[in-house]
Amino acid sequence: MTDQAISSKDNYECEMDGTSDDDSGDDWEEMTEDFESISCLFCNEVANNFSMALEHLIASHRFDLKNFIIKHSLDTYSYIKLINFIRHKNVLPDQLNALNIKTWESEEYLRPVIEDDPWLMFDIEDLEEKTTKPIAYTVNSENGCVTLSEAHFAELQRTIQTLRAQLEQRESACLLAIQQIDEMAEKAQKLILDGDLDENNTLSSSGNSNCNVDKGYFNIYSHFAIHHEMLTDKVRTESYRDAFLTNANRFSNCVVLDVGCGTGILSMFAAKTGCRKVISVDQSNVIYHAIDIVRENNLSDIITLKKGRLEDINLDEDKVDAIVSEWMGYFLLFEGMLDTVIYARDNYLTPGGILLPNRCTLSIVGSGDTRRYVELIDYWSNVYGFKMSCMKAEVLREPSIEICNADELITSTVEIQAFDLYKVTKDCVNFSSPFEFKVKKTGSLTAIVGYFDIFFDLDNPIYFSTGPYSPPTHWKQTVFSLNEPISITEGEILRGKLVCRRHVRDIRGLMITIHIKNTSQVYYLE
């Protein structure tokens, strides 16, 4: 922080503190009499004191400064930066409400925009204390109901919104703590049962942990069975083939990058379009088989294969004209391979280049399959006369991957998130989406089913879905079983929220929280 900035803050504090302790307990209006005029933060209106200025912000701009300070937990420094940021950028209240504290945290906003700006001259702690007034109300003597004025009702609504935001933050912190406790408990259990932990699983630095995760992840793709499963998925493989071959003119004489090429099938589709070069990258040992496959099909003059992490190797090309990747995992985002595609896009894709696919969506639908619930979840309540309830908790913790019976789906389908691959960042994995289900059939809601749709927006567009109403794929659907079935009625609207977060210790894993009808459950894809 610059000396000038520190000096400015000291001046603000001196003027806010006053010259004696007697001032601290005076009435709010007395404190505000020091200023002849206080100009509004958002318009040309001028007030005689802070009380009037704050009321004007609420009445004219629907902006409650006190609630904003509480919501963002502003201290004196960040408050000063906020005021100067508003003055400097001329932002409107609606724009401001959409931003977060990081937007105005730059040191440049410690420099006052308006000399002796009154808004910089009072302590935000006083703002919180002095602007808090008891809500007046009247009681109807006939029925005992409380009647509030419009202003008081609006104040209550704002307070509720603030409390909800704070509750959400605390819930997320709680869920994170629960996740870490669960992981520690698992490690402790392994210590007891095995006598020792494998060196690779110790709570060491996150860098080493991520390397181990990557090693295990790529080892999976060294096995034959997983490639056989993907190649025999006709929906998946033929969609990529058709995207290339029905749009071959778009790839003529181009350089194509295949991220996570596996056996090289997508690279060979690309090679058949008349492209100049295909660079195929994979870190797993299947790349050695891909080399043989490419040679066997006489495509070695077009396809160049490279083993390693894309982030660590040299492609021998500064830019490529197109990037293809089959990066999608269960519930679309599991496996975390999208991070590498984003890296490839940001570092290698030429402006105006092509991404295959370029767009995808995540959707959910409610299932009322009670037979499945009894067989999979309730089963653990009585196993040959013995209770195994601890197993029920484990089953619920991890979503299952299965093909759902479309006849058992009893709600409308809701799209909860859309991804434009030309624009997304690595943080797109972390999102919170409210949703509304319309119940189509009276019964019991036993699970939430998740799936994704994939789009190749080319001259001849190609699309496929992994949903329960479409031909099955190797991704199937991701089923989040509820702890207890929820009774629902046809025509009812079920409101909820799905929160997706990247797993804390497994960069390729996900933590999903589903809130619905006063219940919350946490699931782990890992």
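**View 1. C261 and C43, two cysteines with unlike surroundings.** C261 sits at 5% relative accessibility, so it counts as buried, the cut-off being under 20%. C43 comes out as partly exposed, with a relative accessible area of 29%. Does that leave C43 bonded or unbonded? C43 takes part in no disulfide. A search through the whole structure turns up 0 disulfides. For C43, the nearest cysteine sulfur belongs to C40 and lies 3.7 Å away, and a disulfide here would need the two sulfur atoms within 2.5 Å. Keep in mind for this and every other view that the model is predicted.

**View 2. The whole chain, for orientation.** There are 526 residues in the chain, and buried ones make up 45% of them. The secondary structure adds up to 16 helices and 19 strands. Take the contacts in the chain with a separation of 6 or more: 72% of them come from residues 24 or more positions apart. As for the outside, the chain exposes about 27,700 Å², and 50% of that is supplied by carbon and sulfur atoms.

**View 3. Strand β5, covered from end to end.** β5 spans residues 255-259, and 5 of its 5 residues are buried. Which residues point which way? V255, L257 and V259 go one way, while V256 and D258 go the other. That's the usual pattern, since in a regular strand the side chains alternate between the two faces of the sheet. Both sets are buried in β5, D258 included.

**View 4. The strands that pair with β5.** β6 (residues 277-282) pairs with β5 in the parallel sense, over 5 bridges. Within that pairing, V255 stands opposite K277 of β6. To get from β5 to β6, the chain crosses through helix α12 (residues 265-271), and this β-α-β crossover is right-handed. β5 is also joined to β8 (residues 320-324), by 3 bridges, and these strands run parallel too. On the β8 side, V256 has A322 as its bridge partner.

**View 5. L257 and the company it keeps.** L257 belongs to strand β5 and has a relative accessible area of 0%, so it is buried. What does L257 touch, leaving aside neighbours within four places in sequence? Its contacts are I279, V281, L310, L315, V320, A322, I323, V324 and A344. For a backbone distance in the same view, look at T304: it is 47 residues from L257 along the chain, and the two C-alpha atoms are separated by 9.7 Å.

**View 6. The nonpolar cores.** In soluble globular proteins, nonpolar side chains tend to be buried together. Here the largest nonpolar core holds 81 residues, and L257, L332, F419 and L498 are the ones with the most contacts inside it. A second core, separate from that one, has 27 residues, including L41, L54, F63 and L110.

**View 7. K81, a lysine tucked away in helix α5.** K81 is found in helix α5, which covers residues 76-89. Is this lysine buried or exposed? At 6% relative accessibility K81 counts as buried, because the limit is under 20%. Apart from residues up to four places away in sequence, K81 touches W104, E105, S106, E107, Y109 and L110. L110 ties this view to the previous one, as it is also a member of the 27-residue core.

Definitions and conventions: Residues are numbered from 1 along each chain as its sequence is written. This is a predicted model: local features need pLDDT of at least 70, side-chain atom pairs count only at pLDDT 80 or more; totals for chains, interfaces and linings use all residues. Side-chain values use heavy atoms; hydrogens and water are left out. Helices (H or I, at least four residues) and strands (E, at least two) are DSSP runs, numbered from the N terminus. Buried means under 20% relative accessible area, exposed over 50%, partly exposed in between (1.4 Å probe, protein chains only). Contact means heavy atoms within 4.5 Å. A nonpolar core is a set of buried Ala, Val, Leu, Ile, Met, Phe, Trp, Tyr and Cys residues joined through side-chain atoms within 4.5 Å. Accessible areas come from the Shrake-Rupley method with a 1.4 Å probe; for residues, only the protein chains shown count as cover. Two strands pair if DSSP finds at least two bridges between them. A crossover is right-handed if, with the strands pointing away from the viewer, the path from the first strand over the helix to the second runs clockwise.
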